[in-house]
Amino acid sequence: MGSSVENATLHPETSPSSVRPIYLDHHATTPVDPRVAEVVLSTMVQRYGNPNSVAHSFGDVAAGIIHRSRDDVARLVGAAPEDVRFTGSATEALRLVIGLEMAARGGSFTVAASRIEHPAVIDMLTAAERAGFLMVDWIDCDAQGLVSLTAIADAIDRRPALLFLMAANNEVGTIQPVAEAAVLTRSANVGLVVDASQAAGRLPIDVSASLIDYLILSSHKLYGPKGAAALVGLELRDKASPFPLEAHAPTPNTAAIAGFGEACRLRRLEMAVDEAQIGNLRDRLAVRLAAAIPDMVVNGARAPRIAGNLNFSVAGVPNDQVVARLRDTVAISTGAACSFGVDGPSHVLVAMGLPNWRQETALRIGIGKFNTETEIEQAADLIATATQAVRSSAIR
Ligand code: PLP
């Protein structure tokens, strides 16, 4: 692959592919690319100045790093560098959107959002609605996990101020019609908020061509370090911080931002090749699993999906039991794995209207660029064996 770990100068034992169990949970987080880790380390150790220090060159060097990272993030998504604001996580960036909108709009307003948004959006909007700051109009998806343009147009007719539509779903991987939705929101003067945490670095994104008002991306989903994310958008130019310019600016996490920028640069150069290979691995895994478990059903199978995603259900095989059996050998999750450890049916599979048995047995797999063919074959056999074992213990 374009980003083979062979190129890495870190010790092999610290390279992502040497980590066991086999890691197939790349929607939760990705390993840090060793080339990115080197940038993070050298920033921490050698370029440790405070970017807000104007008195000496340490500050200048650190400010230059922030500047370069902003440029690399912007280039990955077709934005202008001045439209990028760094945050510590996608969750924080999403909260910033609502904070800025509340500050700009004052009174209560309506926000439309798809029912399959990440809990970072759903929980935030639900809490804001409960507190009386806004009203939420939830948009349904279809049985494949796709939000239709008709559903989006209907929601726009109900005159929301903002519309949240994630670019790619974190459970079933479905790619939403963001560019088409943007045409509708723009002509109705509705602000479009696109959570691209799963899509950025996996799919081409062009903020300026797509008329997206706010776009969110997260470093740790694209082989960068945790602790950096970005809110990107033209809207940010008008909606300045409520704090005056002379107010104290927080010290940014320069090392994480440096790594985020490098990760974005690498994704821009290598994404197409890597994702094609990841797609091949996913198809190979699906074929091998289907041969061993002929009654498995892929969730969202008929929708366009990100290359590394495979979400499937097997009747009579509770997902938590399979995950528990695989705990030390293959890292995968149930559909609800991102819901902050809260057990229960996945809100995405519920929104898709899947029958209970498919919700209760759904397994989410996310393949990444460091996975090898051997790992995929081993993982397929281990997952199939665990599934069969859970099934036969349930029958007994
Ligand atoms: N949005 C989506 C689609 C996600 O998958 C995630 C994380 O799983 C988030 C938002 C939250 O990202 P972060 O961990 O950077 O807050």
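Trainee: How many bridges join E2 to E8?
Mentor: Before counting, note that this is a predicted model: local features need pLDDT of at least 70, side-chain atom pairs count only at pLDDT 80 or more, and totals for chains, interfaces and linings use all residues. Residues are numbered from 1 along each chain as its sequence is written, and side-chain values use heavy atoms, with hydrogens and water left out. Strands (E, at least two residues) and helices (H or I, at least four) are DSSP runs numbered from the N terminus, and two strands pair if DSSP finds at least two bridges between them. E2 and E8 run antiparallel, and the number of bridges joining them is 4.

Trainee: Which residue in E8 stands opposite valine 84?
Mentor: Look at the side chains of E8 to place it: Ala229 and Leu231 point one way, Ala230 and Val232 the other, and all are buried (under 20% relative accessible area with a 1.4 Å probe, protein chains only; exposed is over 50%, partly exposed in between). Leucine 231 has isoleucine 216 opposite. Opposite valine 84 you'll find valine 232.

Trainee: Which are the edge strands of the sheet?
Mentor: It's an open sheet of 7 strands with mixed pairing, in the order E2-E8-E7-E6-E5-E3-E4. The twist averages 20° from one strand to the next. Pairing on one side only marks out the edges, strand E2 (84–87) and strand E4 (134–139).

Trainee: What is the bridge partner of valine 111 in E5?
Mentor: Here we're at the parallel pair, strand E3 (residues 109–114) and strand E5 (residues 162–164), joined by 3 bridges. In E5, valine 111 has as its partner leucine 162.

Trainee: What angle does H9's direction make with that of E7?
Mentor: Angles run from 0 to 180 degrees between N-to-C directions, and axes are lines fitted to C-alpha atoms, for helices over the stretch in contact. Helix H3 (residues 90–105) also lies across the sheet, running at about 155° to E7. H9 touches E2, E7 and E8 (contact means heavy atoms within 4.5 Å), and its angle with E7 is about 100°.

Trainee: How far apart are the axes of H2 and H9?
Mentor: H2 passes H9 in a left-handed crossing, that is, the near helix is turned anticlockwise from the far one by less than a right angle (clockwise would be right-handed). Among the residues making the contact are Ala62, Ile65 and Ile66 of H2 and Thr254, Ile257 and Phe260 of H9. Helix H2 (residues 57–76) and helix H9 (residues 254–292) pack at about 35°, and their axes are separated by 8 Å.

Trainee: Is threonine 254 buried or exposed?
Mentor: Threonine 254 sits in helix H9. Beyond its neighbours within four places in sequence, threonine 254 is in contact with Thr43, Gly49, Pro51, Ala62, Ile65 and Ile66. Because its relative accessibility is 9%, threonine 254 counts as buried.

Trainee: Which element gives the largest share of the largest nonpolar core?
Mentor: A nonpolar core is a set of buried Ala, Val, Leu, Ile, Met, Phe, Trp, Tyr and Cys residues joined through side-chain atoms within 4.5 Å. This one has 58 residues, and Leu163 and Phe260 are among those touching the most other members. The largest share, 7 residues, comes from H9.
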